[in-house]
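Me: I am new to reading protein structures, and I would like a close look at one single residue and its surroundings. Could you take me through that part carefully, and then show me how it fits into the rest of the chain?

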Amino acid sequence: MSDFQDLTADQRYEQTFEDGTTTGRVWADYADTTGGRAILHVEAEDALRGSGAAGKFMQGLADHARKNGARLVPRCSYAVAWFKRHPDQADVLA
């Protein structure tokens, strides 16, 4: 697993996952708004679907927001559902 990255020029968070046989990326597109950083779209490459990588990515996203004092506004249905399943991470929500 690579380090969680904030690619500010692309307005995208990204992380690469490897499990020995499979390698792929998970990313989230975002936009800065007056209410916080809107998470517009979360996607995992096909090779990672069903592997839990997207959930690990979302935990990394919450940790990154917490560390940097960012407030998140989930707009993507996956991000909305993930935060509903993880109410202990709601401190980073706007």
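Reply: Let us begin with Gly55, keeping in mind that this is a predicted model. Gly55 has a relative accessible area of 23%, and because a residue counts as buried only under 20% and as exposed only over 50%, Gly55 is described as partly exposed. For the chain as a whole, 36% of the 94 residues count as buried.

The residue is found in helix α1, which spans residues 53–68. If we leave aside the neighbours of Gly55 within four places in sequence, the residues in contact with Gly55 are Tyr78 and Trp82. Tyr78 lies 23 residues away from Gly55 in sequence, yet the two C-alpha atoms are 9.6 Å apart in space. Helix α2 covers residues 77–85, and this second helix lies across β4 and β5, running at about 110° to β5.

To place these helices, it helps to turn to the sheet, which is open and has five strands in the order β1-β2-β3-β4-β5, with mixed pairing. Its edge strands are β1 (5–7) and β5 (72–74), each of which pairs on one side only, and the twist from one strand to the next averages 30°. Helix α1, the home of Gly55, packs on this sheet and touches β1, β2, β3, β4 and β5, while its direction makes about 135° with that of β2 (12–18).

Within the sheet, strand β3 (residues 23–33) and strand β4 (residues 36–44) run antiparallel and are joined by eight bridges. Thr33 stands opposite Gly36 in β4.

Stepping back to the whole chain, we can count two helices and five strands, and reading from the N terminus these elements follow the pattern β-β-β-β-α-β-α. Contacts between residues 24 or more positions apart make up 36% of the contacts in the chain with a separation of 6 or more.

As for overall dimensions, the C-alpha atoms fill a box of roughly 40 × 30 × 20 Å, taken along the principal axes. The radius of gyration of the chain is 13 Å, which agrees with the value near 12 Å that a compact globule of 94 residues would have. Finally, the accessible surface of the chain comes to about 5,300 Å², and 48% of that surface belongs to carbon and sulfur atoms.

Terms used:
Residues are numbered from 1 along each chain as its sequence is written. This is a predicted model: local features need pLDDT of at least 70, side-chain atom pairs count only at pLDDT 80 or more; totals for chains, interfaces and linings use all residues. Side-chain values use heavy atoms; hydrogens and water are left out. Two strands pair if DSSP finds at least two bridges between them. Helices (H or I, at least four residues) and strands (E, at least two) are DSSP runs, numbered from the N terminus. Axes are lines fitted to C-alpha atoms, for helices over the stretch in contact, and angles run from 0 to 180 degrees between N-to-C directions. Contact means heavy atoms within 4.5 Å. The radius of gyration is taken over C-alpha atoms; the globule rule is 2.2 Å times the number of residues to the power 0.38. Buried means under 20% relative accessible area, exposed over 50%, partly exposed in between (1.4 Å probe, protein chains only). Accessible areas come from the Shrake-Rupley method with a 1.4 Å probe; for residues, only the protein chains shown count as cover.
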